[in-house]
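This report describes the architecture of one protein chain for a reader who has the sequence and the coordinates at hand. Please keep the structure in view while reading.

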Amino acid sequence: MRLLTLSLQLPLHPGDIPGFRAAIAGLVGLEHELFHQHANREAYEEALHWQYPLVQYAVRRGHAAIIGMEEGADAIRKILLPALGDTLEVAGRERRIGGMFLKETSFELPLLNEPASFGLGGWIALNGANYAAWKAASDDGERLELLGRTLTGHLRAFGERLGMAEYKRIEARVLSVENQKKVRWHGADLVRFNVLAEANVAVPPGIGLGRMAAFGFGEALTPASYFRMLHFSAQRGNEVL
């Protein structure tokens with residue numbers, strides 16, 4: 001399976017990703033639904049697709065990035081790249097694109113005999129019902145079990161969307177929660193987690209998992225990258241609550 005990352009020399013803050021995504025969707029045309037996950041082509045704010053997003057938007061090293069898998073990778077190459085110019089209007093402001101870099105890799109999704117570890121940065125794990133259950137849990141062990149079940153569901157949705165035959169056999173476990181932080185998203189209060197986890201499938205680094213994966217949340221990291229992220233966050237005094 002193919003994973004393509006388009007990195008742009010366009011400085012971007014994570015809070016600007018919705019505007020960046022809307023700009024890209026407008027550039028390629030709303031008929032190309034992989035870029036915006038809306039089933040309708042005229043009224044952009046309605047009729048969402050709820051499948052795992054094959055085109056995702058992120059900030060990498062302070063710059064804009066777009067990640068595509070399978071059909072999403074094809075869409076970036078064939079639809080977006082020919083449409084990109086030297087500038088892009090983001091949230092009403094003309095922004096210069098100083099350059100771009102394209103990286104394509106391949107990955108497999110077999111079930112593993114032994115679980116593989118990975119990290120998730122800024123994972124939006126819980127919907128309203130699960131969040132209520134998480135708050136009501138009696139201890140940390142119960143919370144980890146709940147997060148593990150949620151992660152299993154997120155990975156199964158990922159596997160199904162990518163055509164994995166045995167996606168229903170995916171099992172995941174959250175090993176530890178390093179920190180958590182409340183975030184406000186479209187009027188809703190959510191919680192983002194940094195977690196170390198393991199699963200019986202190899203999770204490709206760089207993809208997003210969970211709620212709002214298309215907006216840079218839930219980035220999958222190698223264990224080394226995950227602990228490096230925690231170290232740098234602590235050095236900068238950005239420990240989350």
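The sections below treat confidence, the two sheets, the helices packed on them, and the enclosed and open spaces.

**Confidence of the model**

The structure is a predicted model. Its mean pLDDT is 89, and 91% of the residues reach 70 or more. An exception to be noted is the stretch of residues 40-49, over which pLDDT stays under 50. For this stretch the model has 24 contacts beyond four places in sequence. Where pLDDT is low, the predicted coordinates should not be read in detail.

**The sheet of β2, β3, β1 and β6**

One open sheet is formed by four strands in the order β2-β3-β1-β6, with antiparallel pairing. Its edge strands are β2 (55-60) and β6 (100-106), each of which pairs on one side only. From one strand to the next, the twist averages 20 degrees. Within this sheet, β1 (residues 2-11) and β6 are paired in the antiparallel sense over seven bridges. In that pairing, Ser7 stands opposite Phe101 of β6.

Helix α1 (residues 17-28) packs on this sheet and touches β1, β2 and β3 (63-69). The direction of α1 makes about 135 degrees with that of β2.

**The sheet of β8, β9, β7 and β10**

Another open sheet has its four strands in the order β8-β9-β7-β10, and here too the pairing is antiparallel. Because β8 and β10 stand at the edges, each with a single partner strand, one side of each is left without a neighbour in the sheet. The twist averages 30 degrees from one strand to the next. Strands of a sheet pair through backbone hydrogen bonds, either parallel or antiparallel.

The strand pairs of this sheet are listed with their bridges and an example of facing residues.

| Strand pair | Bridges | Example of bridge partners |
|---|---|---|
| β8 and β9 | 12 bridges | Gln180 and Phe193 |
| β7 and β9 | eight bridges | Gly119 and Leu196 |
| β7 and β10 | three bridges | Gly119 and Leu221 |

Gly119 therefore appears in two rows: its bridge partner in β9 is Leu196, and its bridge partner in β10 is Leu221. Leu120 stands opposite Ala220, which also belongs to β10. The hairpin of β8 and β9 has two residues between the strands, and in this hairpin His186 takes a positive phi near 50 degrees.

Helix α4 (residues 140-161) packs on this sheet, where it touches β7, β8 and β9. Its direction makes about 85 degrees with that of β8.

**The largest pocket**

Which residues lie closest to the centre of the largest pocket? They are Val59, Arg60, Glu219, Leu221 and Met229, out of 48 residues that line the pocket. The space in this pocket is about 1,700 Å³.

Elements that each supply at least two residues of the lining are β1, β2, β6, β7 (111-124), β8 (172-185), β9 (188-201), β10 (219-221) and α5 (223-235). The largest share, six residues, comes from β8. By class, the lining of the pocket has 20 nonpolar, 18 polar and 10 charged residues.

**The largest cavity**

How many cavities of 30 Å³ or more are counted? The count comes to one. The largest cavity has a volume of about 40 Å³.

The residues lining the largest cavity are Gln56, Tyr57, Ala58, Arg60, Ile67, Gly206, Ile207, Gly208, Ala213, Gly216, Phe217 and Glu219. Strand β2 gives the largest share of this lining, four residues. By class, the cavity lining has six nonpolar, four polar and two charged residues.

Two residues link the descriptions of these spaces. Arg60 is among the residues closest to the centre of the largest pocket, and Arg60 also lines the largest cavity. Glu219 likewise is among those closest to the pocket centre and is part of the cavity lining.

Note on methods:
Residues are numbered from 1 along each chain as its sequence is written. This is a predicted model: local features need pLDDT of at least 70, side-chain atom pairs count only at pLDDT 80 or more; totals for chains, interfaces and linings use all residues. Side-chain values use heavy atoms; hydrogens and water are left out. Two strands pair if DSSP finds at least two bridges between them. Axes are lines fitted to C-alpha atoms, for helices over the stretch in contact, and angles run from 0 to 180 degrees between N-to-C directions. Contact means heavy atoms within 4.5 Å. On a 1 Å grid over the protein atoms alone, a cavity is a set of points where a 1.4 Å probe fits but cannot get out, and a pocket is an open set with protein on both sides within 12 Å along at least five of seven lines; lining residues have an atom within 4 Å of a point. Grid points are joined across faces, edges and corners, and a volume is the space filled by probe spheres set on the points. Ala, Val, Leu, Ile, Met, Phe, Trp, Tyr, Cys and Pro count as nonpolar, Asp, Glu, Lys and Arg as charged, and the others, Gly among them, as polar. pLDDT is the predictor's confidence in each residue, from 0 to 100.
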